[in-house]
Amino acid sequence: MAIQIKPRASAFRRATEPPPEPVQSMAQKYFVSPEIFADEQKRIFSGRWLLVGHQSQIAKPGDYFLATVADENLIVVRDQRSQIRGFYNVCRHRGTRLKEEVCGNSLTIQCPYHSWTYGLDGRLAGAPHMDEVPGFDKADYPLNGANLGIWEGFIFVNLESNAEGLEDWFAPLNQKFSAWNIPNLRSAKRIEYEVRANWKLMFENYSECYHCPGVHPQLQKVSPYDSAENDLHEGPFLGGFMKINPGKSLTTSGNACASFVGKIENLQQVFYYSIFPNMLLSLHPEYVMVHQVWPQSPDRTLILCDWLFHPDAFAQPAFNPNDAIEFWDLTNKQVWHMCELSQQGISSRSYKPGPYSSRESIPAAWDREYLRHLS
């Protein structure tokens with residue numbers, strides 16, 4: 001299938017066009033205030049669809065991983081019928097945390113305290129000595145479920161009890177990324193980064209390449225910073241593409257490191273999208289890179305980065321995922337260092353918001369979306 005993105009004069013905003021208001025960076029309080037951080041956790045991270053992983057992480061029945069979302073710990077598991085489910089990691093007996101290992105495989109979910117045992121579908125299957133309690137019915141005590149959905153193979157959860165359906169939330173992106181075959185891809189590696197900076201700085205940095213010539217010389221050599229075009233420029237989904245020099249790839253060697261992930265129409269483009277509030281999606285011809293962004297405090301952020309490849313690539317002799325991973329690990333570290341320097345400067349009493357350039361329309365749009373969710 002060909003890429004669904006077709007250039008149209010009305011659909012694209014050149015990266016050089018002036019951004020609409022506001023045209024200044026945000027006030028200091030949004031990057032340093034504990035009160036605003038707490039408000040973000042309540043208004044944004046407790047009530048929006050959040051990326052927690054990819055379905056390839058739990059390929060077999062009984063496979064599970066744990067996810068921490070706004071101070072809640074969740075079990076994400078594939079059940080015996082291959083359905084992916086999400087449960088609060090809390091026993092219905094006396095509230096004990098059920099799973100401690102961050103991932104694994106188990107055919108049941110058993111409490112380590114009093115051995116209450118649940119099926120992978122969440123039903124209570126065993127409760128020692130509770131049959132001696134008058135009126136006790138195991139059917140009354142299943143695990144508490146969390147809202148969970150799958151989009152393009154990515155697993156999302158939402159803690160809001162009356163959450164908008166995941167399909168409705170992602171309706172504007174329907175079939176947009178189908179050419180990349182994302183549901184069938186597999187991760188070759190995950191790297192965790194702990195960044196000493198506010199989480200919003202990662203999104204603002206990701207959304208522009210104004211900084212690329214000075215910060216990313218290895219990226220600039222193969223993907224010119226001034227080649228950017230944006231096709232999503234307002235709302236929770238933002239981004240577009242940049243050009244790749246002919247015959248080159250975004251790898252350390254400059255060569256393609258794997259077979260193509262799908263039927264990609266234009267092999268000289270890489271697409272970058274931010275998906276509010278915790279996903280950064282980078283679409284290359286031969287791999288997909290995805291970041292999960294998890295705020296830890298006003299000046300600390302945990303970032304999980306995965307590199308996904310076509311499953312057939314893993315059996316090919318020429319497969320060299322490290323060529324891409326090392327390229328972006330270096331780029332990531334360059335970015336995180338700039339974000340940490342930004343955090344240090346923004347924390348100064350001398351800081352005042354500065355003007356966005358004509359190449360920073362997407363960071364300005366991201367700021368507007370963020371402020372809308374806090375209003």
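Start by selecting threonine 331, and show His216 and Gln218 with it: threonine 331 touches both, leaving out residues up to four places away in sequence. Contact here means heavy atoms within 4.5 Å. Threonine 331 sits in helix H7, residues 321–346. Helices (H or I, at least four residues) and strands (E, at least two) are DSSP runs, numbered from the N terminus. Threonine 331 is buried, with a relative accessible area of 2%. Buried means under 20% relative accessible area, exposed over 50%, and partly exposed in between (1.4 Å probe, protein chains only).

A quick note on what you're looking at: this is a predicted model, where local features need pLDDT of at least 70, side-chain atom pairs count only at pLDDT 80 or more, and totals for chains, interfaces and linings use all residues. Residues are numbered from 1 along each chain as its sequence is written, and side-chain values use heavy atoms, with hydrogens and water left out.

**Zoom out**

Now show the whole chain as a cartoon. You should find 8 helices and 18 strands. Turn it around: the C-alpha trace spans about 75 × 55 × 35 Å along its principal axes. How many of the 375 residues count as buried? The share is 54%. Among contacts with a separation of 6 or more, 68% are between residues 24 or more positions apart.

**Strand E17 and its partners**

Next, select residues 288–297, which make up strand E17. Of its 10 residues, 9 are buried, so the strand is largely enclosed by the rest of the structure. Add strand E16 (residues 279–283), which runs antiparallel to E17 and is joined to it by 5 bridges. Two strands count as paired if DSSP finds at least two bridges between them. To see how they line up, pick methionine 279 and look across to glutamine 292 in E17, which stands opposite. The two strands form a hairpin, with 4 residues between them.

Now bring in strand E18, residues 300–309. E17 and E18 also pair in the antiparallel sense, over 9 bridges. Which residue in E18 is the bridge partner of valine 290? Select aspartate 306 to see it. A hairpin of 2 residues joins E17 to E18. While you have side chains on, remember that in a regular strand they alternate between the two faces of the sheet.

**Over to tyrosine 30**

Jump to helix H1 (residues 29–32), the place of tyrosine 30. Tyrosine 30 is buried, with a relative accessible area of 19%. Beyond its neighbours within four places in sequence, tyrosine 30 is in contact with several residues, including Ile36, Asn198, Tyr370 and Leu374. Try a distance label too: the C-alpha atoms of tyrosine 30 and leucine 341 are separated by 16 Å, and the two residues are 311 apart along the chain.

**Three backbone stops**

First, go to the loop between strand E15 (269–275) and E16, where proline 277 lies. A cis peptide bond joins phenylalanine 276 and proline 277, with omega about 5°.

Then find alanine 70 in the loop between strand E3 (63–69) and strand E4 (72–78). Alanine 70 has a positive phi of about 50° although it is not a glycine. This alanine is buried, with a relative accessible area of 17%.

Finish at serine 115, in the loop between strand E7 (109–110) and strand E8 (117–118). Serine 115 is not a glycine either, yet has a positive phi of about 65°. Is serine 115 buried or exposed? Serine 115 is partly exposed, with a relative accessible area of 31%.
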